[in-house]
Amino acid sequence: MSSTRIRELIVTPIAFGDPPLLNSNGVHEPLALRVVLQLVLEDGTVGLGESPGGTARLERLHAAAKVVVGMDVFDTTALAAAIDAALLETVPSSHERGWTTSAIEVACLDAQGKLLDRPVSDLLGGRVRDTVPFAAYLFYKWAEHPALDGRPAITDDWGEALGPAGIVEQARLMQERYGFKSFKLKGGVFPPDEEIAAIRALAEAFPGQPLRLDPNTAWTVETSKYVARELDGVLEYLEDPAKGIEGMAEVAKDSPMPLATNMCVIAWEHLKPAVERNAIQVLLTDHHYWGGLRRTRELAAVCEAFGLALSMHSNSHLGISLAAMTHVGAAIPNLDHSCDTHYPWNSADDVIVPGVLELRDGEVKVPTGPGLGVELDHDRLDRLHRRYVESGMRSRDDTGYMRRFQPEYERLLPRW
Ligand code: GKR
Ligand code: MG
């Protein structure tokens with residue numbers, strides 16, 4: 001049994017390329033931050049994990065790395081409790097502590113799968129589907145990152161999307177390249193009527209294909225109700241139109257469509273008030289902060305009990321995360337909607353060896369190799385780590401970056 005003990009947790013911050021995607025906070029910077037975990041067991045087995053980056057989360061992972069050494073990789077409940085206890089004093093938010101325990105749990109499950117020669121989906125109870133459906137994640141975007149401080153402009157092959165025609169064109173490209181059958185538009189960027197027009201244009205271009213809109217709480221309760229009425233029969237759900245459980249509950253009172261969230265229900269203690277207020281009808285789960293893959297499966301059972309539908313949230317991410325999202329998506333019976341993924345925006349800079357994860361027909365085939373089924377490309381990892389070091393970037397700042405080009409820009413939530 002001693003060979004299943006953890007010898008070391010290697011924590012590597014990385015930076016990878018990201019296009020100028022717009023949201024209610026501003027615009028994505030040219031680099032996005034992530035952290036790759038390598039959990040090394042005494043017998044040399046390595047489990048992989050991926051977490052969002054930024055100084056605070058990186059420091060917590062380093063703190064957790066000290067706690068896990070010597071513990072058994074199969075003891076994930078005790079591991080999570082030990083990490084949680086170590087962070088409790090400095091990190092009061094259970095949601096924030098969740099990001100750390102989750103990334104390490106994934107690395108443990110990858111290592112367990114490698115030891116047992118079974119895919120992670122088997123460790124979650126077995127897969128109920130062989131492929132997991134994902135939605136095209138559409139963003140308003142600039143044609144390029146403009147030249148800045150002596151750095152030349154950075155272009156991409158997606159083009160500009162600043163109105164209905166650009167969004168429909170982006171959706172066509174997404175469908176052509178990856179075969180997506182459902183679409184989510186990141187809103188909260190332009191006045192609501194313009195975003196309503198973009199959704200109507202998508203409905204016309206892709207009849208019968210599910211559509212969602214997510215303004216990340218850029219609207220008041222009244223505006224949210226207005227948009228919900230306007231898009232009745234067009235959207236499958238409206239995501240985080242207004243702020244907080246209270247705001248969402250007000251909108252839900254007369255919304256003709258389900259409301260979804262990845263913002264007001266992000267920790268276990270939020271579920272009870274959200275259910276009591278009927279604030280949401282769809283929960284976008286995310287294993288990166290709900291405590292890992294097993295806890296996400298448990299969350300799915302809670303949602304089933306309370307009649308909440310399930311979808312999945314994403315942030316800018318790479319392949320280790322996509323593999324984990326796919327395994328858990330395969331093991332959740334009540335996954336009611338296609339999952340979100342930023343992968344098409346970021347996959348060119350992936351840290352895993354290509355070939356296993358492919359978005360085809362809008363789905364990812366569940367890897368069947370041991371563990372997560374993906375292999376780390378060490379040269380890539382080194383390169384992306386160097387980029388992190390050299391960039392000096394240590395946290396995400398969509399608002400600050402936007403202000404470099406529009407100094408008068410203000411982050412206003414709600415804005416409309
Ligand atoms: O990448 O700009 C973005 C998104 O807005 C992301 O940060 C959100 O976390 O995708 C997310 C969402 O659904 O709210
Ligand atoms: Mg969202």
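Buried means under 20% relative accessible area, exposed over 50%, and partly exposed in between, using a 1.4 Å probe and protein chains only. Keep that definition handy for the exercises below.

This is a predicted model, in which local features need pLDDT of at least 70 and side-chain atom pairs count only at pLDDT 80 or more, while totals for chains, interfaces and linings use all residues. Residues are numbered from 1 along each chain as its sequence is written, chains are lettered from A and ligands numbered from 1 in the order in which they are written, and side-chain values use heavy atoms, with hydrogens and water left out.

**Exercise 1. A salt bridge inside a helix**

Find the salt bridge partner of Lys114, and work out whether each partner is buried or partly exposed.

Solution:
- Step 1. Recall that a salt bridge is a side-chain nitrogen of Lys or Arg within 4 Å of a carboxyl oxygen of Asp or Glu.
- Step 2. Lys114 pairs with Asp110, and their closest N and O atoms are 2.9 Å apart.
- Step 3. Both residues sit in helix 3 (residues 94–116), four residues apart, about one turn of the helix. Helices here are DSSP runs (H or I, at least four residues), as are strands (E, at least two), numbered from the N terminus.
- Step 4. Asp110 has 0% relative accessibility, so it counts as buried. Lys114 has 31%, so it counts as partly exposed.

**Exercise 2. Another pair, another helix**

Locate Arg295 and Glu298, and describe their salt bridge.

Solution:
- Step 1. The closest N and O atoms of Arg295 and Glu298 are 2.7 Å apart.
- Step 2. Helix 10 (residues 293–305) holds both of them, three residues apart, about one turn of the helix.
- Step 3. Arg295 is partly exposed because its relative accessible area is 37%. Glu298, at 40%, is therefore partly exposed as well.

**Exercise 3. A link between distant parts**

Which parts of the chain does the salt bridge between Glu246 and Arg277 link?

Solution:
- Step 1. Glu246 and Arg277 form a salt bridge with their closest N and O atoms 2.4 Å apart.
- Step 2. The pair links distant parts of the chain: Glu246 is in helix 8 (residues 244–253), and Arg277 is in the loop between helix 9 (271–276) and strand 14 (282–285), 31 residues apart.
- Step 3. Arg277 has a relative accessible area of 31%, so this residue is partly exposed.

**Exercise 4. The surroundings of Lys186**

Describe where Lys186 lies and what it touches.

Solution:
- Step 1. Lys186 belongs to strand 10 (residues 183–186).
- Step 2. Its relative accessible area is 5%, so Lys186 is buried.
- Step 3. The side chains of Lys186 and Tyr137 share a polar contact of 3.1 Å. A polar contact is a pair of N or O atoms within 3.5 Å; within protein, one must be able to donate a hydrogen and the other to accept it, and residues adjacent in sequence count only if both atoms are side-chain atoms.
- Step 4. Leaving out residues up to four places away in sequence, Lys186 touches several residues (contact means heavy atoms within 4.5 Å), among them Leu22, Phe139, Asp214 and Asn216.

**Exercise 5. The whole protein**

How many salt bridges, helices and strands are there, and what percentage of the residues is buried?

Solution:
- Step 1. A search of the whole structure gives 25 salt bridges.
- Step 2. The protein has 14 helices and 17 strands.
- Step 3. Of its 416 residues, 57% count as buried.
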